[in-house]
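This report walks through a protein model, from its packing to its loops. Please keep the sequence and the 3D view open while reading.

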Amino acid sequence: MASMSSEVGNDRDNQLATFQAATGLEDIELCISVLEQHGWNLAEAVNSLLPQSVCVEESYRGREGGTTQPAFGSNCSRSHSASPITRSSPISSIANEVIINFVWDNDSLPLSVPVTQKIGQIKESIKHLLNWSMQSKVMISVDQGARFLNDEMTVEQLPFVVEPDGRVLYVSSQVDGNGVPSRQSPTDNGLCHLRVYLNNKPIELNLSPASTIKELKKQASLMFGVSADLQRWVGWPSGLPDYTLLQDVGLLNCEHELKLETVGLYSASNDTSCESTTANRMGRSQSPASLASTDSEEYASADDYEVDMESPSVTSVPAAMVPMIPHDCTNPLEALNSFSHQFTNRYGPIHPIFFIGSLADAVKEATAGLAATRKPLLIYLHHDHSILSNVFCSQLLCSESIVNYLTTHFVSWGWDLTGVPLRDQLLDMVRESFGVDAARNVMAVQPDNLPIMLIVSKSKGQVEVRNVIQGFTEVDLLMGALLLAVEEHQLAVEQDSVEEQQRIARENVIMEQDKAYQESLAQDKQKAERVMEEQLAKERAAQAKIQQAIKEEERKKQLEGQLPAEPNAGMKDVATIRLRCPDGSSLVRRFLGDSTLELLFTYTGSKGYNNTDYKLLSSFPRRDVTLLDASQTFKEAKLFPQETIFVEERTD
């Protein structure tokens, strides 16, 4: 019997661990409670927490060690959540909470406290839980008052004294120095008039001061349609249990204003039956147009984008869970680095390799270049408020076969939608990369439909979302959907490759024609330049000739001015010289017989026949007069009384 009891205990421990892994719940008491409600039937227990369109069937695939892997089917109910600080029986600590026994006087109070809770917050909670006056000064120590704790310390920083009853903290209080805490009470039996604001929209509530916080939350739920477990109230300290009286948080018979906030992101969605989602439940991809209606012409405002408070798949993120992307992060590189890092922390090192960069950069990485080098882009959209996200990531997306296939055939990019700022960033990126309609469709996706994977590919020059793969599926069906997406991508690539080759051929022909045309233009240009150079050369030569003629005329005039007057024909001692010019003309000039040959050379130069270019040849004896001494007279040179001289151009 003892052995059988031990085996049952071990099996339940395994079932509890599997249940926590499948649902993401970390509250052990809550998990045990849900399992006990369903007779420790793991499938029914998980079904009770999954969306109505995502459920676990009654069949399992066994693993070693007695653990099981659920397969997905149909039937669901609702999720649960817990307050930050609640009354509890002393049990062992869990990942994000610890049980502390608060002791004062002759009494004690066990509380389940988040490890990140500050001492100051705990003090305020204790005053409300014990109905002490708000003016009470509460002090907490680990050693019965010898050393009091600072309000800024957190639970995880405390040096606990672990006693037989577990972790213990000692509480003491003072009021006006007399050490006696007092209980607040209403001044009369009138009603408490409350004006409650949600997104700046007020409602009026009239409740008795003896009403509990639970009753107030219920009234607000009826008026606003916001489930009590997803209400966050501003106006009293956080962490108060629902059975606390309004009078104990200072809400007496007078008027008060309170602010109500919601935990979540999306607007309430219409109920969807299992029958209406049968086509998508088993992992079939759907077209982007089926994500949401595109009748709306404008984006919904943040006020309209709230959580469906009754949605069974929505749950609070555990206090110790670090967000995938910090909500105040605006840098895409930092955001994707954080997403990849936290994904590894949660689900281990075996997961898709997420592209680090903006969505536009991821699209460029996947679709730029030639068709043969392109890959489809897989966009994974995560949401921490959906139980299915944890199931999908741990059991499907991180499956080794899926990871290997995605690494080989896809560029993967992920984003976290848990937070309005992150949602708005994604919508901006989607609108920039795919247009307004795609952004509107993504915005309309509700938390109970997450996670999803968008398959983006390029075809005929257009980059679009081609497929949408729902998260509620099995590994084989998910692989089938990915194979189909890659097959469709390959068909588009083949078509684009044919058109691309034809386009490249046309471009090559055009390039060759353009090259020949450019060469022809260059030849014509060179020819025109040569003609232009020849023309310029002729013009320069003509200009030079004109200048030379002008200079020659000036020189001739200058030489002519150096000649003395020609002697008269009847005078004695006159030498008559006849010049036979190259053009056949004759020149006759008289010189005095005692004049030198220099006058003859000056005369011939004034007529354009200088000694440098022309020879003066006498007839008999034949000689070149220009070679004679210019200082000789005509008589000495025997050119007297008359002589005929031939003018010839020099050729040597």
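Which residues does Leu-377 touch, not counting residues up to four places away in sequence? They are Leu-359, Ala-362, Val-363, Ala-366, Val-411, Trp-413, Leu-454, Ile-455 and Val-456. The model is predicted.

## Nonpolar cores

Leu-377 belongs to the largest nonpolar core, which has 57 residues. Together with Phe-343, Tyr-380, Leu-381, Trp-413 and Trp-415, Leu-377 is in the group that touches the most other members of that core. Trp-413 also appears in the list of residues touched by Leu-377.

Another core lies apart from this one and has 21 residues. Its members include Leu-563, Ala-575, Tyr-609 and Phe-634.

## Overall figures

The protein has 652 residues, and 44% of them count as buried. Its secondary structure consists of 14 helices and 22 strands. The exposed surface is about 33800 Å², with 50% of that area supplied by carbon and sulfur atoms.

Contacts can also be sorted by distance along the sequence. Taking the contacts with a separation of 6 or more, 67% are between residues 24 or more positions apart.

## Helices H8 and H11

Helix H8 covers residues 359-367 and helix H11 covers residues 420-434. Their axes come within 9 Å and cross at roughly 40 degrees. Because angles from 65 to 115 degrees count as roughly perpendicular and those under 35 as roughly parallel, H8 is classed as oblique to H11.

On the H8 side, the contact is made by Leu-359, Ala-360 and Val-363. H11 contributes Met-429, Val-430, Glu-432, Ser-433 and Phe-434. By class, six of the residues in this contact are nonpolar, one is polar and one is charged. Two of the H8 residues named here, Leu-359 and Val-363, are also touched by Leu-377.

## Ser-389 and the Leu-450 to Pro-451 bond

Is Ser-389 buried or exposed? Ser-389 has a relative accessible area of 2% and therefore counts as buried, the cut-off being under 20%. The residue sits in helix H9, which spans residues 387-397. Setting aside neighbours within four places in sequence, Ser-389 is in contact with Tyr-347, Tyr-380, His-382, His-383, Leu-450 and Pro-451. Among these contacts, Tyr-380 is also one of the core residues with the most contacts to other members.

Leu-450 and Pro-451 are joined by a cis peptide bond, with omega near 0 degrees. Pro-451 lies in the loop between helix H12 (436-443) and strand E16 (452-459).

## Asp-151 and its surroundings

Asp-151 is in the loop that runs from strand E6 (137-141) to strand E7 (161-163). Its relative accessibility is 35%, so Asp-151 counts as partly exposed.

How many residues apart in sequence are Asp-151 and Gly-120? The separation is 31 residues, while the C-alpha atoms are 4.2 Å apart in space. Leaving out residues up to four places away in sequence, Asp-151 touches Lys-118, Ile-119, Gly-120 and Lys-123.

## Tyr-609 and the Phe-620 to Pro-621 bond

Tyr-609, a member of the core of 21 residues, is found in the loop between helix H14 (597-606) and strand E20. At 13% relative accessibility, Tyr-609 is buried. Apart from neighbours within four places in sequence, its contacts are Cys-581, Pro-582, Asp-583, Thr-604, Tyr-614 and Val-647. Tyr-609 and Glu-648 are 39 residues apart in sequence, and 8.9 Å separates their C-alpha atoms.

A cis peptide bond links Phe-620 to Pro-621, with omega about -10 degrees. Pro-621 is placed in the loop between strand E20 (614-618) and strand E21 (623-624).

## Lysines with positive phi

Lys-460 has a phi near 55 degrees, a positive value in a residue other than glycine. Lys-460 lies in the loop between E16 and strand E17 (462-470). With a relative accessibility of 54%, Lys-460 counts as exposed.

For Lys-638, phi is near 60 degrees, which is also positive. This lysine, Lys-638, is in the loop between E21 and strand E22 (642-649). Its relative accessible area is 67%, so Lys-638 is exposed.

Technical notes. Residues numbered from 1 in each chain as written. Predicted model: local features only at pLDDT ≥ 70, side-chain atom pairs only at ≥ 80, totals over all residues. Heavy atoms only, no water. Axes fitted to C-alpha atoms, helices over the stretch in contact; angles between N-to-C directions. Helix = DSSP H or I, 4+ residues; strand = E, 2+ residues; numbered from the N terminus. Parallel < 35°, antiparallel > 145°, perpendicular 65-115°, else oblique. Contact = heavy atoms within 4.5 Å. Nonpolar A, V, L, I, M, F, W, Y, C, P; charged D, E, K, R; others polar. Buried < 20%, exposed > 50% of the residue type's maximum accessible area, 1.4 Å probe, protein only. Core = buried A, V, L, I, M, F, W, Y, C linked by side-chain atoms within 4.5 Å. Areas by Shrake-Rupley, 256 points an atom, 1.4 Å probe, with all protein chains shown as cover.
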